[in-house]
Amino acid sequence: MLDNALHLGRPRADELVPSRYALRVGEIDVLVVSDGLLSLKTPNLATNADPSEVAAWLDDTFLPPDEMVWPVNVVVVRSGGRTILIDSGLGDQQPDFRRAGRWAQRLQAAGIDLASVTDVVLTHMHFDHVGGLLVDGVRERLRPDVPIHAAAAEAKFWASPDFSTNASMPAWFPDAARSAAARFLTEYGSQLRLFEAEHEVAPGVLVRRTGGHTVGHSVVRLASGGDRLTFLGDAVLPAGFDHPDWYNAFEHDPEDAARVRIGLLRELAATREPLVACHLPFPSLGRVAVAGDAFRFVPAYWEY
């Protein structure tokens with residue numbers, strides 16, 4: 001059972017609409033934090049689908065035909081006396097995305113002192129996942145030796161990135177991604193703690209490389225008692241349940257990303273375990289059900 005953990009991230013009296021959602025996975029405290037919203041052109045949603053199919057999906061889901069917003073969710077986990085940040089949001093290096101980049105201030109509003117953080121986990125090194133770490137003043141507030149856990153394949157890729165496996169990426173994206181990753185590796189490279197396949201960061205907190213979305217993309221599995229929760233990072237995006245075979249424009253290897261996505265969704269549908277993901281509507285907590293040849297996202301009831 002997932003119990004609401006009200007003691008973690010309790011809203012302040014002056015916050016009308018809290019941007020975080022607290023729950024418990026057994027003895028593990030979890031806080032989903034909204035970093036804001038990204039506005040993206042809808043052709044990036046599915047590069048291998050007929051435009052009429054995409055238009056029909058957008059209409060069926062009551063979304064505008066030309067532009068949609070993708071939420072950005074990050075997670076804070078407390079387990080075994082450790083405080084773990086999973087991803088860091090957009091930061092302030094992408095001026096075209098003015099509705100995101102709220103990570104640092106929303107952690108502060110939740111009463112989470114960056115100096116108390118014992119570990120950082122990165123699902124991958126796209127700018128909307130490492131950007132918060134690059135905001136002025138954040139590095140100085142973190143412990144100077146805080147370990148940052150990431151897949152070795154991810155770090156290797158960004159040391160010399162090659163985007164040739166996806167010709168459908170928006171023209172602006174490779175340079176923006178390359179720039180943010182290069183700066184991150186320069187500033188934090190000495191703190192990276194790299195793993196090959198999987199690594200237990202704290203009791204019941206296991207990060208596992210999946211590949212697909214990026215070469216070293218990883219998911220984080222939480223387990224305590226009989227409870228489970230998986231943070232899927234970017235393995236599934238808003239259309240990924242109804243159309244898991246669609247390629248979005250930001251996947252480095254679209255074919256492999258679809259394979260990974262389908263495998264993870266099948267697994268979660270079989271186990272009936274809950275999930276959270278970066279770009280699903282906040283707080284993104286829900287389960288997966290099989291729907292014919294595709295899937296269905298079943299949002300959890302909020303506890304408040």
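Buried, in this talk, means under 20% relative accessible area. By that cut-off helix 5 is mostly covered, with six of its eight residues buried. Please keep in mind that what you see is a predicted model.

Let me stay with helix 5 for a moment. Its buried residues are A152, A153, E154, A155, F157 and W158. Which elements cover them? The cover includes strand 7, at 148–151, helix 6, strand 8, at 192–195, and strand 10, at 205–209.

Now the aromatic rings. A search of the whole structure turns up 15 aromatic pairs. I will take one of them, F127 with W172, where the ring centres are 6.2 Å apart and the planes meet at 45°, so this pair counts as tilted. F127 belongs to helix 3, residues 127–130, while W172 is in the loop between helix 5 and helix 6, so the pair ties together parts that are 45 residues apart in sequence. Are the two partners buried or exposed? F127 is buried, because its relative accessible area is 5%. W172 is at 38%, so it counts as partly exposed. Both of these residues also belong to a cluster linked by ring pairs, made up of W70, F97, F127, W172, F173 and F250.

One more ring, with a charge this time. The charged end of R139 sits over the ring of Y188, at 4.8 Å from the ring centre.

Next, the empty space inside. The model has four cavities of 30 Å³ or more. The largest cavity has a volume of about 120 Å³. It is lined by 13 residues, and L38, W70, D128, F250 and H279 are the closest to its centre. Two of those names, W70 and F250, you have just heard in the ring cluster. Strand 3, at 28–41, and helix 3 each supply at least two residues of this lining. Sorted by class, the lining has eight nonpolar, three polar and two charged residues.

The second largest cavity holds about 70 Å³ of space. Its lining consists of L45, W70, L237, A239, G240, H243, W246, N248, E251 and R261. By class that is five nonpolar, three polar and two charged residues. W70 appears in this lining and is also among the residues closest to the centre of the largest cavity.

Then there is open space. The largest pocket has a volume of about 310 Å³. Of the 13 residues that line it, W57, T61, L63, P238 and P281 lie nearest the centre. Which strand gives the most to that lining? Strand 4, residues 67–79, does, with three residues. The lining divides into eleven nonpolar residues, one polar and one charged.

Now two single residues. The first is A235, in the loop between strand 12, at 227–231, and helix 7, at 254–271. A235 is buried, because its relative accessible area is 7%. Beyond its neighbours within four places in sequence, A235 is in contact with H217, R261 and L264. R261 is also in the lining of the second largest cavity. From A235 to A257 the C-alpha distance is 7.1 Å, and the two are 22 residues apart in sequence.

The other is G132, in the loop between helix 3 and helix 4, the latter at 138–141. G132 is at 2% relative accessibility, so it counts as buried. Which residues does G132 touch, leaving aside neighbours within four places in sequence? Its contacts are S88, G89, L90, G91, W103 and V138. A46 is 86 residues from G132 along the chain, and their C-alpha atoms are separated by 27 Å.

Last, some backbone details. F282 and P283 are joined by a cis peptide bond, with omega at about 5°. P283 is in the loop between strand 13, at 275–276, and strand 14, at 286–291. S284 is found in the loop between strand 13 and strand 14. Phi of S284 is near 70°, a positive value in a residue other than glycine. S284 is buried, with a relative accessible area of 1%.

F62 has a positive phi as well, near 60°, and it is not a glycine. F62 is in the loop between helix 1, at 51–60, and strand 4. Is F62 buried or exposed? F62 is exposed, because its relative accessible area is 76% and the cut-off for exposed is over 50%.

Definitions and conventions
Residues numbered from 1 in each chain as written. Predicted model: local features only at pLDDT ≥ 70, side-chain atom pairs only at ≥ 80, totals over all residues. Heavy atoms only, no water. Helix = DSSP H or I, 4+ residues; strand = E, 2+ residues; numbered from the N terminus. Buried < 20%, exposed > 50% of the residue type's maximum accessible area, 1.4 Å probe, protein only. Contact = heavy atoms within 4.5 Å. 1 Å grid on protein atoms, 1.4 Å probe; cavity = no way out; pocket = protein on both sides within 12 Å on 5 of 7 lines; lining within 4 Å. Points joined across faces, edges and corners; volume = space filled by probe spheres on them. Nonpolar A, V, L, I, M, F, W, Y, C, P; charged D, E, K, R; others polar. Phe/Tyr/Trp six-rings, centres within 6.5 Å; stacked < 30°, edge-to-face > 60°. Lys NZ or Arg CZ within 6 Å of the ring centre and 35° of its normal.
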